[in-house]
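Please open the model in your viewer and keep the selection panel at hand. The tour below goes from one selection to the next and says what is to be found at each stop.

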Amino acid sequence: MTAIHSQLIVDKNKASQAAFERDFSHLGEQLARRGIQIDQVCAQVATFGVALPSWGVGTGGTRFARFPGLGEPQHVFDKIQDCGVVHQLTRVTPTVSLHIPWDTCSDWSELRGAAQNAQLQFDAINSNTFSDQTDQTRSYKFGSLSHTDPATRAQAIEHNLACIDIGMQLGSKALTVWVGDGSNFPGQQHFRRAFDRYLESTAQIYQALPDDWQMFLEHKLCEPAFYSTVIQDWGSSLMAANALGNKAQCLVDLGHHAPNVNIEMIVARLIAAHKLAGFHFNDSKYGDDDLDAGSVSPYRLFLVFNELVAAAHEGVAGFNPAYMLDQSHNVTDPIESLMCSAIQCQRSYAQALLVNRIALDEAQQSNDALRATQLLKEAFQTDVDPILEHVRRSQGAAADPLSTYRASGYRQSVARSRKRSPSTASGIV
Ligand code: PSV
Ligand code: MN
């Protein structure tokens, strides 16, 4: 069952068919001159998918305020319905990543069924020990998995085990662990002991992982702890993943680094260590801004994908990163932002496929810096939109997801049936 009338997609696609065919054939000719078969690129792009964050379909906020949009999802079933719209129109977001206990449900098998109806499956499940829940005995104000108090650590471990249990009912294959643990004052925390406590706790969670599951460790430089964070960088994350074992890997959220850090190089290092779990894609200008993927620095997103495509091209053993979006939409319709961001990731992937890897290798070997960088620019500057549109058309998605979505009146329709949320609450998500 789909939320957008399929005839609308058919009609709109038909209206732009002739123009699309001209653009596609023109790009095909251009690429052929560069020795690239457009059909092969299309086939590869068709395999690309990125998971939606369930929390992303609600309107986000800042520490100061939240301005709710119309027709916000009221519960996890609404979230699945909205995610279904994103996937129906783009066909590039086949999975959803849940966040517990933000997502609550009395019958997970019913939710699984609802997701199947929306042609969605479940990606990694996220635990939350960075905020207190109303029914919780002990507070995470001073940390969770690394807390000084063993009982608080036990509570946080228990929550992660409960998440694995929910994930198993949904068909997830990974648990993503991000903790806000850290300190706000020099001297507040014994760095090494806090890290050891984190390792001890995560080892207990690791032991409970089903055989075919993975544990994704997500690092973050700062926030909510602003002086130090227990898993603050990829080095700490890698140390933890190595200590835990093969099923533990490092997840890179693009917003979790200091400005100007060379994230694509971090990606290359984690690939070399066989420890790249995957990504939370978003964009940022100053910190963990959670802006739409590729909205500020599309070239950086491309450079990340360049590393990924290179690793796949070179056949790095066990290379199979998970792709997810993790963004906060404060001023846009979340469905629109998620569609554009998912397509932006797909675009970066397509552009990275166009890099002439033989020529790049030669340029690198001969230290021809300018030629090497021009080869990347040549790929990045190629307008791959006709490729993306071709893939969408062939999969029954909307040729132009944004205009089709706006024409569908979906937002206005759900705004009539969903209650308006209060506008006073603040909060990042
Ligand atoms: C933390 O900033 C983070 O990136 C983690 O992935 C959380 O689970 C998510 O954001 C919550 O919004
Ligand atoms: Mn994240």
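Begin by selecting Asp 253 together with His 280, since Asp 253 stands opposite His 280 in β11. The model is a predicted one, in which local features need pLDDT of at least 70 and side-chain atom pairs count only at pLDDT 80 or more, while totals for chains, interfaces and linings use all residues. Residues are numbered from 1 along each chain as its sequence is written, and chains are lettered from A and ligands numbered from 1 in the order in which they are written.

Extend the selection to strand β10 (residues 248-253) and strand β11 (residues 276-281), which pair in the parallel sense over four bridges. Helices (H or I, at least four residues) and strands (E, at least two) are DSSP runs numbered from the N terminus, and two strands pair if DSSP finds at least two bridges between them. Leu 251 is worth labelling, as this residue stands opposite Gly 278 in β11 and, in β10, also has Glu 218 opposite. Glu 218 leads to strand β8 (residues 214-218), which runs parallel to β10 and is joined to β10 by four bridges. Six of the six residues of β10 are buried, a residue being buried if 20 or more other C-beta atoms lie within 10 Å of its own, exposed if 12 or fewer, and partly exposed in between, with C-beta atoms placed from the backbone.

Next, add helix α9 (residues 263-272), which lies across β10 and β11 and runs at about 170° to β10; axes are lines fitted to C-alpha atoms, for helices over the stretch in contact, and angles run from 0 to 180 degrees between N-to-C directions. Contact here requires C-beta atoms, placed from the backbone, to lie within 7 Å.

Now show the whole sheet, which is open and has seven strands in the order β3-β5-β6-β8-β10-β11-β12, with parallel pairing. Its edge strands are β3 (99-100) and β12 (322-325), each of which pairs on one side only.

Move on to helix α1 (residues 6-15) and helix α15 (residues 401-408), whose axes come within 10 Å and cross at roughly 130°. At this crossing, Leu 8, Ile 9 and Lys 12 in α1 meet Thr 404, Ala 407 and Ser 408 in α15.

Finally, select Asp 383, in the loop between α13 (369-380) and α14 (385-394). Is Asp 383 buried or partly exposed? Asp 383 is partly exposed, because 13 other C-beta atoms lie within 10 Å. Asp 383 and Ala 350 are 33 residues apart in sequence and 9.8 Å apart in space, C-alpha to C-alpha.

Note on methods. Contact = placed C-beta atoms within 7 Å.
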